[in-house]
Amino acid sequence: MTTLSHQTLRVRNTLASALNELKIPSDKRIPFLDGLRTLAILLVVNHHVAAAFDTDYGPTRYTNFPLTVNGWMGVDLFFVLSGFFIGSQLWKELARTRTVALGDFMLRRTLRIWPLYFFTYAVVIFTTPHFAAAQHYGWTDLVFLVNYLGHGVVLGGWSLSTEEQFYLLAPVLLLLFRRRSLRWFRWMLLGVWLTEITVRVAQYVHMAGGFRVKNAAAFGHLYYPFHTHSDGLIAGLLVANLVVVARLPGAPAWRGLLSRPWLVFAAGAAAFGACWKLQSETLNFTGLAIFFAAVVWWGIHGHSQWMSGRIFYLGSRLSFGMYLNHPYLIQPLTRLVLGSHAHPLVWAAPLVTVLAVCLSAALSLLTFCLVEHPFLLLRTVLLRRSLAAPLVAH
């Protein structure tokens, strides 16, 4: 009985700690970025619901709405935010210590992503054995190669494969060139970005038969691979680099120009429009990355209190769980809403979207408390260390 009481008390304390973390935001958070992450997951959920309706029942006014059709852009927003958050950690560490603790970095990312990711994988394998068998039991999920080889059972796992590849490459590159200045890294990233764009354009022209030719199949081949769809991650790294350098002692003169967030926002919007107009299939990722990077810069320089409500913080913390679980909710909720109707009602898709968001958030709250939070506590224990050394500009 005593052992059982101790275990019950431990579970209660863990749940209380998880709920407390969701209720009390960190002082280091940037509210505007919480809002962007919440917006990103809402765009993705809405897009997937509408796409499912369009496939099964044909287009409707709602599924053809531009923001719904292009809701896939939420993934690119996630990429920019990931690049910014990870880049901020890496650039600060490089400026402070002139190196990167690769083991600590990988431990942080592993205990943040893997627990819920592999929990989702296990649930899908055991609850949908026929689907799992058809997908070769999602072996590519286990090695994070879904974006190249397919056969994943974690729906949406291609983007997580892209991010895992980024988590491996980014710190390794910084570690290899750790003696270089932060300014040198900016030029290197711009070179990598230009190379990626060139490869994407060349691949599209080869498959489509021309730069101006519209070819949905060719675009599909460009959408998933890391080497043709990592613009957002690179842009996020660049923004983080500029932010970190601008806050170091002896910051360069360009800080004054970039401190005008409206100018940066306008330039980003213009770049997005130009890329979309020039050739959307090959340059839309570039335009979106520039625009979302400009929005991030605009938000953290004088507009960080926008979307500062607790609901955005909660949405931000639950967004990872929602991204993983929402694809499995769409078909059951659609059947529930439509019932015996052979054709979708006008309000069916919006209603399923609302229900999917609410149910997905509720499930994410549960998995955050029971799966994610215990490993985050473990991460805190394992990464506890002495106070950081002061930053050094270079």
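Hi everyone, this is a short walk through one helix pair and one pocket in the structure above.

One thing up front: this is a predicted model. The protein chain has 394 residues, and 47% of them count as buried. For secondary structure, we have 17 helices and zero strands. If you look at contacts in the chain with a separation of 6 or more, 75% come from residues 24 or more positions apart. The accessible surface is about 19500 Å², with 68% of that belonging to carbon and sulfur atoms.

Now, let's turn to a pair of helices. Helix α2 covers residues 31-57 and helix α14 covers residues 261-300; their axes are 8 Å apart, at an angle of about 145 degrees. Which residues meet here? From α2 we have F32, L33 and L36, and from α14 there are V295, V296, W298, G299 and I300. By class, that contact of α2 with α14 has seven nonpolar residues, one polar and no charged ones.

Both helices come back in the second largest pocket, so to speak, as part of its lining. That pocket holds about 720 Å³ of space. Its lining is made of 33 residues, and the ones nearest the centre are H47, H48, W158, Y223 and Y224. Which helix gives the most to this lining? That would be α2, with six residues. Besides α2 and α14, the helices that each supply at least two lining residues include α8 (146-149), α9 (157-176) and α11 (216-223). And the character of the lining? It divides into 19 nonpolar residues, 13 polar and one charged.

That's my tour, thanks for listening!

Terms used:
Residues are numbered from 1 along each chain as its sequence is written. This is a predicted model: local features need pLDDT of at least 70, side-chain atom pairs count only at pLDDT 80 or more; totals for chains, interfaces and linings use all residues. Side-chain values use heavy atoms; hydrogens and water are left out. Helices (H or I, at least four residues) and strands (E, at least two) are DSSP runs, numbered from the N terminus. Buried means under 20% relative accessible area, exposed over 50%, partly exposed in between (1.4 Å probe, protein chains only). Contact means heavy atoms within 4.5 Å. Accessible areas come from the Shrake-Rupley method with a 1.4 Å probe; for residues, only the protein chains shown count as cover. Axes are lines fitted to C-alpha atoms, for helices over the stretch in contact, and angles run from 0 to 180 degrees between N-to-C directions. Ala, Val, Leu, Ile, Met, Phe, Trp, Tyr, Cys and Pro count as nonpolar, Asp, Glu, Lys and Arg as charged, and the others, Gly among them, as polar. On a 1 Å grid over the protein atoms alone, a cavity is a set of points where a 1.4 Å probe fits but cannot get out, and a pocket is an open set with protein on both sides within 12 Å along at least five of seven lines; lining residues have an atom within 4 Å of a point. Grid points are joined across faces, edges and corners, and a volume is the space filled by probe spheres set on the points.
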